Amino acid sequence: MKFRLVDLLACPICKHFPLKLDIFEVYEITPPEKIVKCELYCSYHGGFVKDLERTECEVCYSKEIKSGLLTCPSCKRWYPIEDDIPRMLPDEIRQQREDLAFLRKWRDKISSEILSGGKPFNLNQVTSGVREKN
Ligand SMILES: [Zn+2]
Ligand SMILES: [Zn+2]
């Protein structure tokens, strides 16, 4: 996934913009000849374009995010980035088992806010589910 994509994405559920980007794995690629600079929000520089002194979007086009996390600060939903692809799915068709496996895999890099309170799934729900059973 390109850094540039964050400039084009809003939360599919509550439409909040911009989403917060956390990067787990990134690799270098040959940038394309033509690049389109971020218009509103540059996730490579982590700020709104109007507040940035300069944007080097040439640099961010030479990187591909292999895995990471997009988080909505408004509704606390989180969206995994895996194998270069952000998965921006509505709650109904998300797979709890896969999503929880993702949280566990990257738990050292994910904020406790999301681990224990992220939507639609988080690790706290699972633990409390087990407790209820006992
Ligand atoms: Zn940019
Ligand atoms: Zn949202």
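Two residues are taken to be in contact when their C-beta atoms, placed from the backbone, lie within 7 Å of each other. With that cut-off in hand, Leu19 offers a convenient way into this predicted model: once its neighbours within four places in sequence are set aside, Leu19 is in contact with Val6, Leu9, Cys11, Leu70, Thr71 and Cys72.

Leu19 also belongs to the largest nonpolar core, which has 24 residues, and together with Cys57 and Leu70 it is one of the residues that touch the most other members. Two or more residues of this core come from each of strand E2 (41–42), helix H1 (57–60), strand E4 (63–71), strand E5 (78–82) and helix H2 (96–105).

Turning to the chain as a whole, its secondary structure consists of four helices and six strands, which follow one another along the sequence in the pattern β-β-β-α-β-β-β-α-α-α. Taken along the principal axes, the C-alpha atoms fill a box of roughly 60 × 25 × 25 Å. Of the 134 residues in the chain, 27% are buried, and among contacts between residues at least 6 apart in sequence, 58% join residues at least 24 apart.

The confidence of the prediction remains to be considered. The mean pLDDT of the chain is 91, with 93% of the residues reaching 70 or more; among the elements, however, strand E5, which contributes to the core, has the highest mean pLDDT, at 98, whereas helix H4 (residues 123–133) has the lowest, at 62. Where pLDDT is low, the predicted coordinates should not be read in detail.

Key: Residues are numbered from 1 along each chain as its sequence is written. Chains are lettered from A and ligands numbered from 1 in the order in which they are written. This is a predicted model: local features need pLDDT of at least 70, side-chain atom pairs count only at pLDDT 80 or more; totals for chains, interfaces and linings use all residues. A nonpolar core is a set of buried Ala, Val, Leu, Ile, Met, Phe, Trp, Tyr and Cys residues joined through C-beta atoms within 7 Å. A residue is buried if 20 or more other C-beta atoms lie within 10 Å of its own, exposed if 12 or fewer, and partly exposed in between; C-beta atoms are placed from the backbone. pLDDT is the predictor's confidence in each residue, from 0 to 100.
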